[in-house]
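Thanks for making the time. I have one structure to go through this morning, so let me put it on the screen.

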Amino acid sequence: MQVKTFSGQTTRSVLAQIKQEMGEEAVILSKQEGRDADSRWCQITAGVEHAVDEIQEAETQEYAAPSGWSRWHEEWSEIKEYIAELVKPRLQLHKLSPRQRLALEHLQRHDIDDTVILRLVRPLKSDAGMSILGPLGDLITFKPWGNEWKGRVHTFVGPFGAGKTSAAVRMALELRKQNQSMRICFINADCARGNGRLLLRHYAQLCDMGYYEIRDSITFATTIRDAAKSYDRIIIDMPGLGLRDSFKEQVEHFGLQAIRENSFHRVLSPTASSKQLTATLEKYRAVKGGSIVWTKIDEACTFGTIINTAVSTGLPISAFSYGAGLKGTLVPAKDVMLWRLIFKNQLPGEYTIHQNA
């Protein structure tokens with residue numbers, strides 16, 4: 001069933017919207033009425049089994065993978081591996097300077113994909129004095145977390161155990177650090193797990209931030225409307241997805257498709273295997289825009305997956321998180337932090353301390 005919430009000043013006007021957009025088959029799921037300081041309002045949540053409006057069908061399909069996508073994706077990954085194996089003998093790495101070869105070998109030890117290595121070799125061969133950081137930086141984008149992210153709503157998604165809840169709190173604290181007057185609230189959609197729920201509510205109270213819990217699209221529609229009136233930033237903590245769970249169904253269950261300005265941040269850890277990260281990103285393939293937040297940096301022994309993921313998705317890296325506790329354990333991402341992490345095993349926090357010294 002497709003579920004959507006409509007708002008207006010009168011019941012009649014809202015019902016007219018539902019009829020026009022969802023058709024005669026729409027079923028009323030809930031209705032709320034009230035009065036603000038200067039006007040009345042009505043909010044109705046309706047559902048329909050089959051959307052008849054072409055625009056709605058396109059929105060629904062946005063979260064659905066095309067038929068045979070998984071199999072096609074596997075075959076294309078195999079083809080890329082074969083191509084890389086065929087091309088490697090022709091790379092003529094002996095034409096690179098010793099410094100460039102050492103840098104490439106170092107990246108390979110960090111499990112950088114062969115496809116990324118191939119994209120680095122060509123510009124290096126044209127200039128023996130070129131640093132590998134030049135072409136590497138051309139492949140990866142950064143958008144540091146903070147005031148540059150203007151959207152009001154930010155939703156954190158990712159696998160269980162990646163540190164979504166901790167990252168959400170840490171990123172809220174970073175926003176408050178950059179702008180002490182900013183009003184921030186959390187919306188907890190992961191209410192089934194007690195530890196995360198208590199942690200988020202506890203730190204929201206300590207940090208003087210708002211806290212809400214949602215369980216379905218009806219409570220979410222009311223919550224997001226109330227939160228939008230009182231807060232500058234709304235941070236949504238989503239539950240992880242199980243083996244057979246669908247992100248499309250999760251989005252429809254909570255009614256997230258109704259939010260126009262919503263940045264989705266994928267919370268990932270380099271401790272996961274490349275196949276696990278690929279499978280996770282595939283679950284959220286339909287989510288457009290947003291960023292990647294890397295957590296548990298201090299627990300990983302290699303960091304090539306950070307580069308592989310940035311290149312394959314084209315998404316910017318917004319933050320690095322590491323260590324225990326919540327304060328001083330997250331920094332807005334910058335390119336120099338990743339280079340020092342890869343080539344010197346230096347954590348982003350250590351770079352920040354050195355820079356400020």
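I will start with the overall picture, then go through some helices, and end with a few single residues.

First, a caution: this is a predicted model. The protein has 357 residues, and 45% of them count as buried. Its secondary structure comes to 14 helices and eleven strands. Taking contacts with a separation of 6 or more, 70% are between residues 24 or more positions apart.

Now helix 5, residues 114-125. This helix has twelve residues, and from first C-alpha to last it reaches 17 Å, close to the 16 Å expected at 1.5 Å a residue. Which of its residues are buried? They are Val116, Ile117, Leu120, Val121 and Leu124. These residues sit on the same side of helix 5, because the arc they cover around the axis is only 135 degrees. The general background is that an α-helix has 3.6 residues a turn, so residues three or four places apart point the same way. And what do the buried residues of helix 5 pack against? Their partners are helix 4 (98-109), helix 6 (133-139) and helix 12 (304-313).

Helix 12 is worth following further. Asn308 is located in it. With a relative accessible area of 7%, Asn308 is buried, because the cut-off for that is under 20%. Beyond residues up to four places away in sequence, Asn308 touches Asp111, Ile112, Asp113 and Val116. Val116 you have already heard about, as one of the buried residues of helix 5.

Helix 12 also packs with helix 11, residues 274-283, at an angle of about 30 degrees and with the axes 11 Å apart. The crossing of helix 11 past helix 12 is right-handed. On the helix 11 side, the residues that meet helix 12 are Ser274, Leu277 and Leu281. On the helix 12 side they are Thr305, Thr309 and Thr313.

Next, the cysteines. How many disulfides does a search of the whole structure find? The search finds zero. Of two cysteines I picked out, Cys185 has 0% relative accessibility and counts as buried. Cys301, on the other hand, is exposed, at a relative accessible area of 67%.

On to the loops. Gly323 lies in the loop between strand 10 (317-321) and strand 11 (330-332). Buried, exposed or partly exposed? Gly323 is partly exposed, with a relative accessible area of 32%. Leaving out its neighbours within four places in sequence, the residues in contact with Gly323 are Arg170, Asp298 and Thr329. Its C-alpha is 9.8 Å from that of Leu347, and those two residues are 24 apart along the chain.

Last, some backbone angles. Most residues other than glycine have a negative phi. Asp208 has a positive phi, near 60 degrees. Asp208 is in the loop between helix 8 (194-206) and strand 6 (210-213), and it is exposed, with a relative accessible area of 65%. Asn345 also has a positive phi, near 55 degrees. Asn345 is in the loop between helix 13 (335-344) and helix 14 (348-356). At a relative accessible area of 51%, Asn345 counts as exposed, because the cut-off for that is over 50%.

That is what I have, and I am happy to go back to any part of it.

Conventions: Residues numbered from 1 in each chain as written. Predicted model: local features only at pLDDT ≥ 70, side-chain atom pairs only at ≥ 80, totals over all residues. Heavy atoms only, no water. Disulfide = S-S within 2.5 Å. Buried < 20%, exposed > 50% of the residue type's maximum accessible area, 1.4 Å probe, protein only. Helix = DSSP H or I, 4+ residues; strand = E, 2+ residues; numbered from the N terminus. Expected span 1.5 Å × (residues − 1). Arc of directions from axis to C-beta. Contact = heavy atoms within 4.5 Å. Axes fitted to C-alpha atoms, helices over the stretch in contact; angles between N-to-C directions. Left-handed = near helix turned anticlockwise from the far one by under 90°.
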